[in-house]
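This report covers selected strands, helices and side-chain contacts. Please have the sequence and the structure open while reading.

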Amino acid sequence: MFASQASPRLEPGSLTRVGPALRSPGGPVANVGLALHRLGVPTALMGKVGDDLFGREIIRLIEREGPGLASGMIRAVGQDTSYTIVISPPGTDRLFLHHPGANDTFGARDVKLDGLEGARLMHFGYPPIMHGFSSDGGEAMWRVFGQARSRAMATSLDMCSIDPASEAGRVDWRAWLERVLPVVDLFQPSFEELRWMLMGATPAGDAPAEIDEVRELAGQCLAMGAAVVAIKLGEHGLYLRSSEEAGRLGDVPGGVLADVEAWRGRELLQPCYEVEVVGTTGSGDATIAGLLAALLRGDDAADAVRAATATGACCVEAPDATGGIKAWRRIEQRLADGWAQRAHGLRLDDGWSDAAPHRGPADRGRD
């Protein structure tokens, strides 16, 4: 990743002086896992790296965060480690150059649930860039999540951007979601990712103009079987909507939604918090970590979306994906001190409340 004092002009043949390269583990395993660890949630990381220089460095960086955190990582002999070059000029969103590496050989057989007794939740991220989980119509993902739920673990799923020219760009993602979402308790894609999957290609960086676009996509996901849908809206914040069906919410394992009635039929929009943005890498994963940590603490829906966006805000105060994440007590204190919120910029109709988190038409108005 590079940074510079002014936004560089990336033109063929040009040379732009930039800041020092930063290296950090990335992706959902490291970003969400290490963020949860820093927030005080006991966490086990599970993924696959190669036996190359990148793989050894990733293991070292993870182990530096805490003893035993890398014990569930697979080190595949003779395989390349997945890597991403993140180009993050100041004042604009980042872009990615990605090599899937060993992630393309990571499959259902690599998910080892033995030894995870007492775990309450499994989070899985980025199946579109994992051949073993994107190419079979969702069968592997359905099987892994089904096994996790049978062991009393709630399931959480995140997506990622899709290269239309790649193999994943030819997947019928609507059919994939129809297969998988009945065993997904918490579905947490970005607006751009979800609109691409359900409605076809959308320009990179395209953002919702009206909340109705977001509500429609969330409604489709709930109809497919998800219990709770949280859609990341970038600078607009986080939208959360939960099922109206008490039976579906009561079916969520791990005691994650212990008060089913308090979670039934919720619809909330939480704006971002005011910060000086240094880099946006990992902000979506940090937001997910904040939400999952809140659910594991037993927070209600309103407190959970506040915790999620607050954790995401801390993330963008550092150039890498996890450097800005602090212990939960420090984030909680910022909220208690009256941390200012940004305007979300979405057009809300009369069915929405004025105070944040804004309550939508589907919300049952319970705190």
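The sections below describe a predicted model, starting with its salt bridges.

## Salt bridges

The count comes to 19 salt bridges. One of them joins the side chains of Arg60 and Glu57, with N to O at 2.9 Å. Both residues lie in helix 2 (residues 53-65), three residues apart, or about one turn of the helix. Arg60 is partly exposed, because its relative accessibility is 36% and the partly exposed class runs between 20% and 50%.

Other salt bridges link parts of the chain that are distant in sequence. Arg266 and Asp363 meet at 2.7 Å, N to O. Arg266 sits in the loop between helix 9 (260-263) and strand 10, while Asp363 is in the segment after strand 11 (358-359), 97 residues apart. Both Arg266 and Asp363 are buried. Elsewhere, Arg149, Asp185, Arg248 and Asp251 are joined into one network by salt bridges that share partners.

## Glu267, Arg215 and Arg241

The side chains of Glu267 and Arg215 form a salt bridge of 2.4 Å, N to O. Glu267 belongs to strand 10 (residues 267-270) and Arg215 to helix 7 (residues 211-224), so the pair ties together parts that are 52 residues apart in sequence. Glu267 has 0% relative accessibility and therefore counts as buried.

Arg241 is in strand 9 (residues 238-242). Which side chain of opposite charge is nearest to Arg241? The answer is Glu267, at 4.3 Å. A salt bridge requires a nitrogen and a carboxyl oxygen within 4 Å, and Arg241, although buried, has no salt bridge. A polar atom of the Arg241 side chain does lie 3.3 Å from the backbone oxygen of Arg215. Beyond residues up to four places away in sequence, Arg241 touches several others, including Arg215, Leu222, Val229, Arg266, Glu267 and Ala362.

## Tyr126

Tyr126 is found in the loop between strand 5 (121-125) and helix 3 (131-134). Its relative accessible area is 18%, so Tyr126 is buried; the cut-off for that class is under 20%. The side chains of Tyr126 and Asp285 are joined by a polar contact of 2.7 Å.

Tyr126 and Pro28 are separated by 98 residues in sequence, and their C-alpha atoms are 7.1 Å apart in space. With neighbours within four places in sequence left aside, the contacts of Tyr126 are Gly27, Pro28, Asp158, Met159, Cys160 and Asp285.

## Strands 1, 2 and 6

Strand 1 (residues 47-50) and strand 2 (residues 73-76) run parallel and are joined by four bridges. Lys48 has Ile74 as its bridge partner in strand 2. Side chains in a regular strand alternate between the two faces of the sheet. In strand 1, Gly47 and Val49 point one way, Lys48 and Gly50 point the other way, and all are buried.

Thr155 lies in strand 6 (residues 154-158). Thr155 counts as buried because its relative accessibility is 0%. Its side chain reaches the backbone oxygen of Val183 at 2.6 Å. The contacts of Thr155 outside four places in sequence include Met122, Phe145, Arg149, Val183 and Asp185.

## Helix 11

Helix 11 (residues 301-315) has 15 residues, which at 1.5 Å a residue should span 21 Å; its end C-alpha atoms are 21 Å apart, in agreement. Of the 15 residues of helix 11, 13 are buried, so the helix is largely enclosed by the rest of the structure. At the start of helix 11, a side-chain oxygen of Asp300 comes to within 3.3 Å of the backbone nitrogen of Ala302.

Definitions and conventions: Residues are numbered from 1 along each chain as its sequence is written. This is a predicted model: local features need pLDDT of at least 70, side-chain atom pairs count only at pLDDT 80 or more; totals for chains, interfaces and linings use all residues. Side-chain values use heavy atoms; hydrogens and water are left out. Helices (H or I, at least four residues) and strands (E, at least two) are DSSP runs, numbered from the N terminus. The expected span of a helix is 1.5 Å times one less than its number of residues. Buried means under 20% relative accessible area, exposed over 50%, partly exposed in between (1.4 Å probe, protein chains only). A polar contact is a pair of N or O atoms within 3.5 Å; within protein, one must be able to donate a hydrogen and the other to accept it, and residues adjacent in sequence count only if both atoms are side-chain atoms. Lys and Arg count as positive and Asp and Glu as negative; His and the chain ends are not counted. Contact means heavy atoms within 4.5 Å. Two strands pair if DSSP finds at least two bridges between them.
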